[in-house]
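Please work through the following exercises with the structure open beside you, and try each task before reading its solution.

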Amino acid sequence: MCLSDRERGVKPLNARKIIVGVTGSIAAYKSAELVRKLKQQGCEVTVVMTPAATEFITPLTLETLSGRPVATEFFPAARRPEVLHISLAQWADLLVVAPATANVIGKVAAGIADELLATVIMATEAPVLFAPAMNAAMYSNPILTANISRLRQYGYQFVEPEAGELACGGIGTGRLAPIETILEAIEGLLSCSPQGTEKLIQRGSSELSGKKVLVTAGRTEEDLDPVRFLTNRSSGKMGYALASEAEKRGAEVILVSGPSSLPSLPGVRLISVRSAEQMSREVKQWFPRCDVLLMAAAVSDFRPRNKTTSKIKKQEGLLLELEKTPDILLEIKSLKGDKGVGGFALETEDGLTNARRKLKSKGLDFIVLNAPTALGADANQVTVLGADGKTERLSQMSKLEVARGILDRVVGLLRTKCSDS
Ligand code: CTP
């Protein structure tokens, strides 16, 4: 069994400077426990509270636990010589907002900085981690989903809330993640690079630098004779969006694509294939050299058992005999090691059950469940199922936005693997 630093008694957060942002949620009282645990880890902690947060928990409590003055006002009465929001922003190694309301997430996503905490978040170059907590209906509101997706795109990090009983009486997803989970996320963020997370500072532009990402896209074509083939309606848009987004985040990207009318992507190495057999050969060749595989291709499951060299004539009649193509994900399963592998599932019925089965049988880190209407379309509504048992249903959005959400997950996955090793 592999023990974490904390389990071994090592204090990975010792002497790190952390700002704990507290906003106006009933879960604000839990921030006291977070501050206490961070202090136990040897962190220097400064708490910044929004005015609404002070209605839920007193600054005095957090001041006593952190041992430092709590910042609540943009223009404190006892004026300090320095500009408060800038000095705080520069002081921190990491800023964690726990609990984070829909309000603070929305403000930062919209670039609004009208009180101290939002201003510090916008002014800091340190990694920022949001731990949302709110009513389940608010959490599933598509406006919030879009705001989170937008912030993720800029490199802001999130610890997902839990499902369970909520303060408002209902049951649903919206409970603040457990303090231990938030601490693990903080450790992960601060341990990926020795200096803290310099890469994150560039807000999304180089999160994947130094990583090789292999993406497959499009359909395959399985020849029957020199002029006919079996195929499907996949356009390649999802795979191309993934490749483009991975490239933007600094990865070296290899795109193995079946036939597609999409333009090639600048900075992405394109390997064109036609059949499942050819795609399998390329994936097996590139996979060992890559850190991540995103298998977005709609690989044909069957091919004609016999391919004729001359055109089959109408008079001859035709009885199609098919055989299975190689299952590429199954073929590379044993080579996975600590690489990140994501697949896609296209289902017409029992989507979640079938996707879960594929996730397990193909040994994936996550699988993206598509609706058949996604084939060829510009937008998509997907559900992402993780090997950790978590299921995230995204709202209908463009394939580029879906790609961003998936790449956020990949970044998180690599970070977890990096902190585990
Ligand atoms: N896949 C693959 N090799 C194949 C077929 C599919 O690697 N020969 C990959 C796809 O790229 C996708 C995942 O497996 O990431 C699931 O594909 P899907 O077509 O949904 O499922 P199948 O494995 O084909 O299973 P079924 O026919 O039962 O739906």
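**Exercise 1.** In what order do the five strands of the open sheet stand, and is their pairing parallel or antiparallel? Then find the strands at its edges.

Solution. Bear in mind throughout that this is a predicted model. Begin with the order, which reads β2-β1-β3-β4-β5, and with the pairing, which is parallel. Next, look at the two ends of that order: β2, covering 44-49, and β5, covering 157-158, each have a single partner strand, so one side of each is left without a neighbour in the sheet. Finally, follow β5 to its partner β4, made of residues 128-132, with which it pairs in the parallel sense over two bridges; in this pairing F158 of β5 is the bridge partner of F130.

**Exercise 2.** Determine which strands helix α4 touches where it packs on the sheet, and describe how helix α3 lies.

Solution. Take α3 before α4: helix α3, residues 59-66, lies across β1 (17-22) and β2, and runs at about 170° to β2. Helix α4, residues 84-91, packs on the sheet as well and touches β1 and β2, while its direction makes about 140° with that of β2.

**Exercise 3.** Trace the open sheet of eight strands and state its pairing.

Solution. The strands follow one another as β12-β11-β8-β13-β16-β17-β19-β20, and their pairing is mixed. The edges are held by β12 (268-272) and β20 (391-393); each has a single partner strand, and therefore one side of each is left without a neighbour in the sheet. On average, neighbouring strands of this sheet are turned by 15° against each other, direction ignored. Within the order, pick out β13 (residues 292-295) and β16 (residues 340-346), which pair in the parallel sense over four bridges, with V292 standing opposite G340 in β16.

**Exercise 4.** Identify the residues that make the nonpolar surface patch of about 350 Å².

Solution. The patch is made by F302, L318, L320 and L322. To place one of these residues, note that L318 lies in the loop between β14 (302-304) and β15 (322-324).

**Exercise 5.** Locate G363, and decide whether this residue is buried, partly exposed or exposed.

Solution. First, G363 sits in the loop between α14 (351-361) and β17 (366-370). Second, its relative accessibility is 26%, and because buried means under 20% and exposed over 50%, G363 counts as partly exposed. Third, leaving aside residues up to four places away in sequence, G363 touches K333, K336 and K358. Lastly, S334 is 29 residues from G363 in sequence, yet the two are 8.8 Å apart in space, C-alpha to C-alpha.

Notes. Residues numbered from 1 in each chain as written. Predicted model: local features only at pLDDT ≥ 70, side-chain atom pairs only at ≥ 80, totals over all residues. Heavy atoms only, no water. Pairing = 2+ DSSP bridges. Contact = heavy atoms within 4.5 Å. Axes fitted to C-alpha atoms, helices over the stretch in contact; angles between N-to-C directions. Patch = residues over 30% accessible without salt bridge, like charges linked within 9 Å, V, L, I, M, F, W, Y side chains within 5 Å. Areas by Shrake-Rupley, 256 points an atom, 1.4 Å probe, with all protein chains shown as cover. Salt bridge = Lys/Arg side-chain N within 4 Å of Asp/Glu carboxyl O. Buried < 20%, exposed > 50% of the residue type's maximum accessible area, 1.4 Å probe, protein only.
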